[in-house]
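The following exercises concern chain contacts, a residue environment and a sheet. Each task is followed by a worked solution.

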Amino acid sequence: MSPTLDQIREHFSGPGLALSVTPTEHAAKGYHLDVSVAPAGIVPAAQALYALGFGLDAITGVDWIAQNEMEVVYDYFHPASPLRIVVRSRAPRDNPEFPTLSDVFPGARWHERETHDFFGIRFAGHPNLIPLLLPEDADYHPLRKEGAP
Amino acid sequence: MKTDILAVPRGFWSLLTGMRVTLSQFFKPIVTVQYPRQTLKMPPRYRGHIELILDPETQRSRCTACKLCERACPSDCILVEGAKFEGEKKKSVTQYELDFTKCSLCGACIEACPSDAIKFSREYNLASTSKEGYHYDLVKRLAEEKERKSL
Amino acid sequence: MSAPLKIEPATGSGETFVLNLGPQHPAAHGVLRVKMTMDGEYVMRAEPVIGYIHRMHEKMGENRPLAHFLPNTGRVDYLSALHYNHAFVGAVERAAKLEVPPRAEFIRVITSELNRISSHLVWWSAFLLDLGGFTPLLYAFDDREKILDLLEGLTGSRLTYCYFRFGGVVEDLDPGFAERTRKFIAEMRPRLKMYRQLVTDNIILRKRLEHIGPISPDLCLKYGATGPVIRGSGVSYDVRRAEPYSVYSQLDFDVPTFPESDSMARYLVRMEEIVQSLRIVEQALDKLPDGPVLGKVPRVLKLPPGDYCYAVEAARGRHMVRIVSDGKEAAYRLKLRTPSFSNLSLFEEASKGMLLADALALMGSLDLVIPDIDR
Amino acid sequence: MSLLSTEPLRLLASLLLIIAFVGLNAAYLVLAERKGAGRFQNRPGPNEAGYGGWLQPVADVLKLISKQIMVPPESDRLLFRMAPLVVLTPAMMCLAVVPFSDTLVARNVNVGLLMVFSFGSINVMAILLSGWASRNKYAIMSAARVVSQNVAYEIPMLLVVITLLMSTGTLDLSEIIKQQAGGFWHWNFFRLDVNPLAPVTFVIFFICMLAEANRAPFDMAEAESELVAGAFTEYAGMGFGVFFMAEYANIVLGCSLATVLFFGGWQTGLGALPASWGAWKVLIGLGFFLAKMYALVFTVIWVRWTFPRTQFYGLLNLSWKILIPISLFTLLLSSVMIKLFA
Amino acid sequence: METPVDTSQIVKFAMLDQLLDLSRANSLWPLTFGLACCAIEMMAAGGPRFDISRFGAEVFRPSPRQADLMIVAGTVNKKMAPAIKILYDQMLEPKWVIAMGNCAISGGPFVFPNQYAVVEGVDKLFPVDVYIPGCPPRPEALIEGILTLEQKLTGKRRWPVVKSD
């Protein structure tokens, strides 16, 4: 029942699905497979992993101000197998826009609202992208690298 | 309906065992440490606010005002000033301010101190009506401690 | 009475009102606000509003030396502070490839498991307080004080520990710690029997919890709920078994799961976990090797560039620390994946159409610590 | 003329005595509850105010009196102020009928039991009043709960009392006690010849009395962890103090009623006392009555600190599906036994 | 910050005022209001080992109307500040505030340059009567805080002063 690493690797090595697929050593990095996809590939990857029985663990935003890019990292865990998959994707920093996962994983709604709070990343199609942790009228994004909150 | 008939007596019996347990606790001795009259002894590693150690031989603090603790403190509650008196190789501490209202008692300063000059005190029951009392001047407290010891 | 009470809300009454289970509410375990659209006593939609105790932990993780974040780890989830110490310290060790002496790893396991027991005791007393029983809180805090004495003698603090360092622990066990811990384990087991007689077998509690708040395994996956919540739905997912860290692979314990997936199942999972944790502490004390407790750590710790994760089975579920490093001395980005955040996110869907008292029983069975949600 | 002159004085004195009894009882039952809760939980309870804490109720009452009086802005001011009065007076009036000893009864009414039950159900209306008047969502919800709870538990209580009346034949409380004279096997609790399920009827009566007083596993009105402070959320100072007193007055009333109906009121249970003692008999009777009543009050406290709160539907099911069928069955059984044997 | 002296009472009934102060000091009903880690130590103070019920203070009233002591136990957040202010205003005179823990006194370990979420000290919102430093302070420190509040109310301390060794 539990999927194997190679099964997932060949899924992602299909045409046009992933920019790069790099298996990693769990003892060194903490996850088994690091897939980076274009923003458009996030939702199909999520659907595929959900079909295999993966659950959404966390959504992390990273602000690469040096490369003028915003990165979003999706973590997936599987209840029956020790596999840990990481899907990441990048978007230009001045207009960070990613499709929402809330149709596949309703839990992503809160993760995406929090990432929007901290980085200002917009998630297209999100039902109510209002601040989650910051006060309702907050317009500042504290974790952006350009300093002043 | 049959299982319901059995559930009622069994349920009532579980209520009675619950009451028996609390009654048995009713006659057990009280475990309270009645604070102002009886007190607990703090373990040796208890973490109160930090204080300077009085070096028994030299009757002075071992602190050489190297400011490593000031840099190691995550909440910036330490302010150290030192001066080099003539006839001595190393500097000695003249001012050691601790803002205890920002301290999180993590112990980073004690581990960072090269000359083991500070330790955790055992003050566990501080309370007062004004918060200014908790901006400690450790050098002054060391001097008071030295007088108390010398009496 | 044995069949589940199917209670359908009076549909079509149309007249609903919004009840604000405000930031200050006895059943909110802190500052969680739940906007409940109510129809009489039934909860039509319960939308948790969080952020009332957001303390910027992730902001404090960046642009400061790594060691400055150590006291923060104890304050994210103050009931299982040592698990959070373990996750952060483990992530840095994994990134910088530091060697941790085996004795330090065993001490970490012993103290973490004791911390899990004290966390479950606080959950048990707060949960019973929600359901109206006041005495269990006193008995549980009486036992918990014994654990706090053990950990205070060892680490110096009672709740927000800052005892783990990169490469090991601050100090070795204080003399007599092993004997006192074994004495505590011997005293704790009969107390657990008393708890079962007083509360677990009580029919009032059974009627309050059975068939209340069903959370299916699929719902857990969709919201990422882990820990006792997913184990209460029959899925035996435990980070100590799924991604073995520290010395858990050398210890023999089983992961309790209950398939009924209602509040009673989550209750029984945590009570069984206390028994397992006692077993783990006992085995770890027997296998405790000698040797140093702190490996050698470079003077200024620089992490090689990259993205490192370390996951831990905290008392509430899977806690993961992700450190993104760009080679400098400070972490470039520090992400805390906290279990209560995901466990609470499923409350809106799980509590539809329930009675107010059952919705609060469900929230109590999720074992929430609010700063763990808001970070 | 003599009847006229002594009777009102006697009534006034006994009414003052009852008000003092309820007041003192409420204050010191709060202390007994807190110290009892402490003993159940291995801790001493209030012991810093006065020796052993006996001044604690005085401190609480003085503090509550000197609190700022506040009526919520848009609430119904008249009803808000009236609710605390309406909740306390029925309990006090019912106590006027309860015979503390063979001569120590305020006004022996020959339909005493009927009066107790008719006044007993007024405090439901008072809690509804307070819930409605304080314009607070929690208060209204708790008031709605209290009404259905008390209605659900009034019926089994009355059924149980009817089974009892069939054997006693009279509504006069003093008369009921006189019938239970002689050894304690004459108490209604042990009269298995008339009603073989007598202990069960007592247990049902006790559960219903708990539910009537909103106590222990049925404290739906002031469900602390759900409805903040229930119907009394907006009350502060002495307003809240009076509700507290009314709760304890209801407990005292319930327990004394149980003692009278089941445990032979002021009967000593050791056979008749020699007539030569005269005045002393009254005091001994009073002593026995209070001892039995406080034993039951201790059980109420004991139950409170043992059980969690029942779910609201569980509470209603317990009454409609278990207590009422059982009490109906005992009614049938008792009537058959009386018809055949008595 | 001393509470302002109440000059409106022209005639001071010394005896009555003393009696009322003594009774208020002995029945401080705290508001159920835990914010963060210090709330667990507050519950531990209610536990059997430290037992604040000895001082008549174990009646945790959930409704601000019936409480007369607000123990701010934990970090005060800017999003939470208006809610706490409303709670304080809903409480009825005479009321007091104990700031328990470093976060309530001055923001504690969460104070760093340009931090955006923590109110640095609850005395920025309303006057505080007793400060209890510590992170978290031990339950005995909370009891000491209650005794200090009672000393502030009645003017004299009826309990021995405990010096830690």
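**Exercise 1.** Determine how far apart the closest C-alpha atoms of chain A and chain B lie in this predicted model.

*Solution.* The closest C-alpha atoms of chains A and B are 19 Å apart, and no contact joins the two chains. Next, take chains A and D: these also lack any contact, with their closest C-alpha atoms 25 Å apart. Finally, consider the chains that do touch: of the eight such pairs, chains A and C share the most contacts.

**Exercise 2.** Decide whether B:Thr32 is buried or exposed, and identify what its side chain reaches.

*Solution.* First, locate the residue: B:Thr32 belongs to the loop between α1 (2-26) and β1 (50-52) of chain B. Its relative accessibility is 8%. Buried means under 20%, so B:Thr32 counts as buried. Next, examine the polar contact: the side chain of B:Thr32 reaches the backbone oxygen of E:Pro48 at 2.8 Å. Lastly, list the neighbours beyond four places in sequence: among them are B:Gln38, D:Asn42, D:Arg43, E:Pro48 and E:Phe50.

**Exercise 3.** Establish the strand order of the open sheet in chain B and explain why β4 and β7 stand at its edges.

*Solution.* The order is β4-β5-β7, with antiparallel pairing. β4 (78-83) and β7 (135-137) of chain B each have a single partner strand, so one side of each is left without a neighbour in the sheet. From one strand to the next, the twist averages 15 degrees. For the pairing in detail, β4(B) is joined to β5 (residues 92-99) of chain B by six bridges. Within this pair, B:Gly82 stands opposite B:Val93 of β5(B).

Technical notes: Residues numbered from 1 in each chain as written. Chains lettered and ligands numbered in written order. Predicted model: local features only at pLDDT ≥ 70, side-chain atom pairs only at ≥ 80, totals over all residues. Heavy atoms only, no water. Pairing = 2+ DSSP bridges. Helix = DSSP H or I, 4+ residues; strand = E, 2+ residues; numbered from the N terminus. Axes fitted to C-alpha atoms, helices over the stretch in contact; angles between N-to-C directions. Buried < 20%, exposed > 50% of the residue type's maximum accessible area, 1.4 Å probe, protein only. Polar contact = N/O pair within 3.5 Å; in protein donor to acceptor, adjacent residues only side chain to side chain. Contact = heavy atoms within 4.5 Å.
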